[in-house]
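Good morning, and thank you for joining this group meeting. I would like to walk through one structure with you, beginning with its sheet and ending with its cores.

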Amino acid sequence: MTGKFATSRAGHDKGRLYVVLGEEEKYAYLSDGRLRTVDKPKRKLKKHIQIIHRKVDQELLGKLEKNEKVLDEEIKYAIKQYNNLKTEGMYVKK
């Protein structure tokens, strides 16, 4: 699940797009690079998020998998790229 996009299905942040930074048994750690930074990710129950089966780019994915330092700007850029693909109609939801 690490490195995928996810949206919140419940709570005050319902509908917000995040990148999954990591996971535990019941929880996922999410960041949007703005309100929820990499240093203070949102801890959310897995049942309260909707995973989007699209991963971030290979460079960022490699950093997340190797537990290397990830910058908030990289998360914001990944979300921006996803939103651009979605609005241009290049990404069709299955």
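Which residue in β4 does A28 stand opposite? Please keep in mind that we are looking at a predicted model. The residue opposite A28 is K44 in β4. The two strands concerned are β3, which covers residues 27-31, and β4; they pair in the antiparallel sense over 4 bridges.

Let us now place this pair in the whole sheet. The sheet is open and has 5 strands, in the order β4-β3-β2-β1-β5, and the pairing is antiparallel. At the edges stand β4 (42-45) and β5 (49-55); each has a single partner strand, so one side of each is left without a neighbour in the sheet. On average, neighbouring strands here are turned by 45° against each other, if direction is ignored.

A helix also belongs in this picture. Helix α2, residues 72-87, packs on the sheet and touches β1 (4-8), β2 (17-23), β3 and β5. The direction of α2 makes about 130° with that of β2.

I turn next to a single residue, D32, which is found in the loop between β3 and β4. Is D32 buried or exposed? Its relative accessibility is 7%, and a residue under 20% is called buried, so D32 counts as buried. What does its side chain meet there? A polar atom of the D32 side chain lies 2.9 Å from the backbone nitrogen of R34. For the backbone nitrogen of R36, the distance to a polar atom of that side chain is likewise 2.9 Å. Setting aside residues up to four places away in sequence, D32 touches R16, L17, Y18, I75, K76 and I79.

Finally, we come to the nonpolar cores. The largest one has 15 residues, and those with the most contacts inside it are F5, V19, V56, L60, L64 and I75. At least two residues of this core are supplied by each of β2, α1 (58-65) and α2. Which element gives the largest share? That element is α2, with 4 residues.

V19 deserves a moment of our attention. Apart from neighbours within four places in sequence, V19 is in contact with K4, F5, Y29, L30, S31, V56, L64, I75 and I79. There is also a second, separate core of 7 residues, which includes A6, V20, A28 and I49. With A28 we return to our opening question, as this is the residue that stands opposite K44. Thank you for your attention.

Notes. Residues numbered from 1 in each chain as written. Predicted model: local features only at pLDDT ≥ 70, side-chain atom pairs only at ≥ 80, totals over all residues. Heavy atoms only, no water. Pairing = 2+ DSSP bridges. Axes fitted to C-alpha atoms, helices over the stretch in contact; angles between N-to-C directions. Contact = heavy atoms within 4.5 Å. Buried < 20%, exposed > 50% of the residue type's maximum accessible area, 1.4 Å probe, protein only. Polar contact = N/O pair within 3.5 Å; in protein donor to acceptor, adjacent residues only side chain to side chain. Core = buried A, V, L, I, M, F, W, Y, C linked by side-chain atoms within 4.5 Å.
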